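Work through these short exercises with the model open beside you. Try each task before you read its solution.

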Amino acid sequence: MSAWFWILAAVVFVVIEITNMAFFALFAAAGALAAAVASAVGGPALLQVVVFAVVALGGVLALRRPLLTAFGHRRGGALKSGVAALVGQHATVVDRVDRSDVAGRVHARGEDWPAITYDDRPCEAGQVVEVIDIEKTRLVVTAS
């Protein structure tokens, strides 16, 4: 096989990796580049395929898990962002928060948010609370 075939395959694998970030296609791309080198030095097709397989599988087995850990992938599900990421975080009460229809305000992650309490205990300005849920457009908090 031609070195150009392996280079084209490597480009395709890189594009696939960019779209899903699962760290499988990255190692296939590395294997394809290694096979391209084997082809360029005149190695037979069987050697090129073996080099591709060894580099790709070796990378998956040896390096995938450390890369996933380094880039913050979690087994617990999708990465939370936006208001959903506030659940479990601490906030500071800006305006009194209670369980009334008129929401108070808390300051969390650099922004003020409307909030209500989970229970009937009001939270006063300056108090640190924990965000435990989101109800419509308001944070549900409890004294921490």
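**Exercise 1.** Find the residues that Ser39 touches, leaving out those up to four places away in sequence. Then decide whether Ser39 is buried or exposed.

*Solution.* This is a predicted model.
- Step 1: locate Ser39 in helix α2, which covers residues 25-40.
- Step 2: list the contacts. Ser39 touches Met1, Ser2, Ala3, Trp6 and Gln48.
- Step 3: check the accessible area. The relative value for Ser39 is 13%. Buried means under 20%, so Ser39 is buried.

**Exercise 2.** Work out in which order the strands of the closed barrel run. Then look at how β1 and β2 pair.

*Solution.*
- Step 1: trace the barrel. Its five strands run β1-β2-β3-β5-β4, and the pairing is mixed. Neighbouring strands of this sheet are turned by 55° against each other on average, direction ignored.
- Step 2: take β1, residues 90-95, with β2. They pair in the antiparallel sense over three bridges.
- Step 3: find a facing residue. Asp95 stands opposite Arg105 in β2.

**Exercise 3.** State what is notable about the phi of Arg109 and of Lys136. Are Arg109 and Lys136 buried or exposed?

*Solution.*
- Step 1: recall the background. Most residues other than glycine have a negative phi.
- Step 2: read the angles. Arg109 is not a glycine, yet its phi is positive, about 50°. Lys136, also a residue other than glycine, has a positive phi near 55°.
- Step 3: place them. Arg109 sits in the loop between β2 (104-108) and β3 (111-117). Lys136 lies in the loop between β4 (128-135) and β5 (138-143).
- Step 4: apply the cut-off. Exposed means over 50%. Arg109 has 57% relative accessible area, so Arg109 is exposed. Lys136 has 76%, so Lys136 is exposed.

Definitions and conventions. Residues numbered from 1 in each chain as written. Predicted model: local features only at pLDDT ≥ 70, side-chain atom pairs only at ≥ 80, totals over all residues. Heavy atoms only, no water. Helix = DSSP H or I, 4+ residues; strand = E, 2+ residues; numbered from the N terminus. Buried < 20%, exposed > 50% of the residue type's maximum accessible area, 1.4 Å probe, protein only. Contact = heavy atoms within 4.5 Å. Pairing = 2+ DSSP bridges. Axes fitted to C-alpha atoms, helices over the stretch in contact; angles between N-to-C directions.
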